[in-house]
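Here is a quick tour of one model, a motif at a time and then a helix. Have the coordinates open as you read.

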Amino acid sequence: MSDLENRRDRLEFNKLQKRLRRNVGKAIADFNMIEEGDKVMVCLSGGKDSYAMLEILMSLQKTAPVHFELVAVNMDQKQPGFPEHILPEYLQSIGVPYHIVNKDTYSVVKEVIPEGKTTCGLCSRLRRGTLYGFAEEIGATKVALGHHKDDIVETLFLNMFYGGRLKAMPPKLRADDGRNIVIRPLAYCRETDLIAFADHKQFPIIPCNLCGSQENLQRQAIKGMLNEWERKFPGRSDNIFAALTRVSPSQLADRDLYDFESLELDRSMPAPAADARSIEQYVDSWIPEDARDEDLESEPAPAEASRPLYIEARNL
């Protein structure tokens with residue numbers, strides 16, 4: 001590789017690293033994830049996301065406006081063939097305090113889940129329960145998980161398509177028993193950036209296939225759908241995530257979330273203008289100038305679909 005190519009690679013990596021640091025820092029600030037004196041337990045699975053999360057948090061720790069501790073924790077679930085030496089060697093090499101929690105959840109999962117069925121659901125619940133208990137044991141005030149923006153969007157659609165619920169993964173969460181606060185510092189980070197970061201850093205990845213379970217086929221189907229959307233309409237996943245941050249309860253149908261039953265008329269103020277021109281101006285006000293023509297070209301509406309709007313507007 002030439003010197004010019006090396007310089008270009010370094011420049012691209014520096015831009016990538018700054019983008020990840022900026023996204024993690026913004027997520028932490030937006031949701032007040034880390035506070036003065038926090039002891040943050042960083043859960044390491046041996047995958048690219050948790051390695052990147054630890055690396056970025058260690059970098060931010062040096063310049064953060066608050067003082068906080070980091071402690072890395074991995075759970076050895078006793079899967080056959082698990083390379084138990086890899087994480088301790090890596091964590092010692094970067095000088096971060098760490099714990100390895102030994103818990104044979106593998107045997108429990110294999111005993112409960114029929115052969116050929118996916119084990120991911122039960123495995124993750126057992127792992128999470130053990131880690132929550134360990135966080136309290138070591139006095140950790142926050143539990144950091146490595147879920148990124150794409151994980152959150154995928155979970156939204158998994159819950160809608162297969163569970164009939166409108167929910168995802170919040171960037172910050174209090175556990176049901178109130179005894180732990182879970183944070184997801186990578187909530188604003190895209191998976192493509194994390195893949196590129198891990199490739200450059202050459203993290204010692206431990207694949208999550210040691211138990212021989214099938215892939216989570218539902219999540220893979222959702223991931224494929226979102227990737228196809230992103231290919232056809234770049235930025236769509238970002239828009240879906242943004243929608244999770246701008247929720248209008250009165251425009252949904254959850255009676256526990258919004259009091260539909262008590263709605264009453266209020267004609268105390270003059271009615272707004274309702275001519276065709278005012279409606280057109282109102283619609284235009286919601287579309288950025290540089291996106292109007294582009295949006296119409298990328299997802300055109302049938303000509304006949306727009307006509308009733310103007311007919312109705314003229315008749316108001």
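## The PP-loop motif

UniProt lists residues 45-50 as "short sequence motif: PP-loop motif", in an unreviewed entry. UniProt positions follow the numbering used here, feature names are shortened, and annotations may be inferred rather than shown by experiment. In the model, the end C-alpha atoms of residues 45-50 sit 6 Å apart, and the span is 50% helix and 0% strand. Helices (H or I, at least four residues) and strands (E, at least two) are DSSP runs, numbered from the N terminus.

## What you're looking at

This is a predicted model: local features need pLDDT of at least 70, side-chain atom pairs count only at pLDDT 80 or more, and totals for chains, interfaces and linings use all residues. Residues are numbered from 1 along each chain as its sequence is written, and side-chain values use heavy atoms, with hydrogens and water left out.

## Cysteines

Cys43 is buried at 9% relative accessibility, and Cys189 is buried too, at 0%. Buried means under 20% relative accessible area, exposed over 50%, partly exposed in between (1.4 Å probe, protein chains only). As for disulfides (a pair of cysteine sulfur atoms within 2.5 Å), the count is zero.

## Helix 8

Helix 8 covers residues 217-232, 16 in total, and runs 23 Å from first C-alpha to last, close to the expected 22 Å (1.5 Å times one less than its number of residues).

Its buried residues are Arg219, Ile222, Lys223 and Leu226. They share one side of helix 8, because they cover an arc of only 100 degrees around the axis (taken from the directions from the helix axis to the C-beta atoms). They pack against helix 6 (149-163), helix 7 (191-201) and helix 9 (236-244), where contact means heavy atoms within 4.5 Å. On the other side of helix 8, Leu217, Arg231 and Lys232 are exposed.
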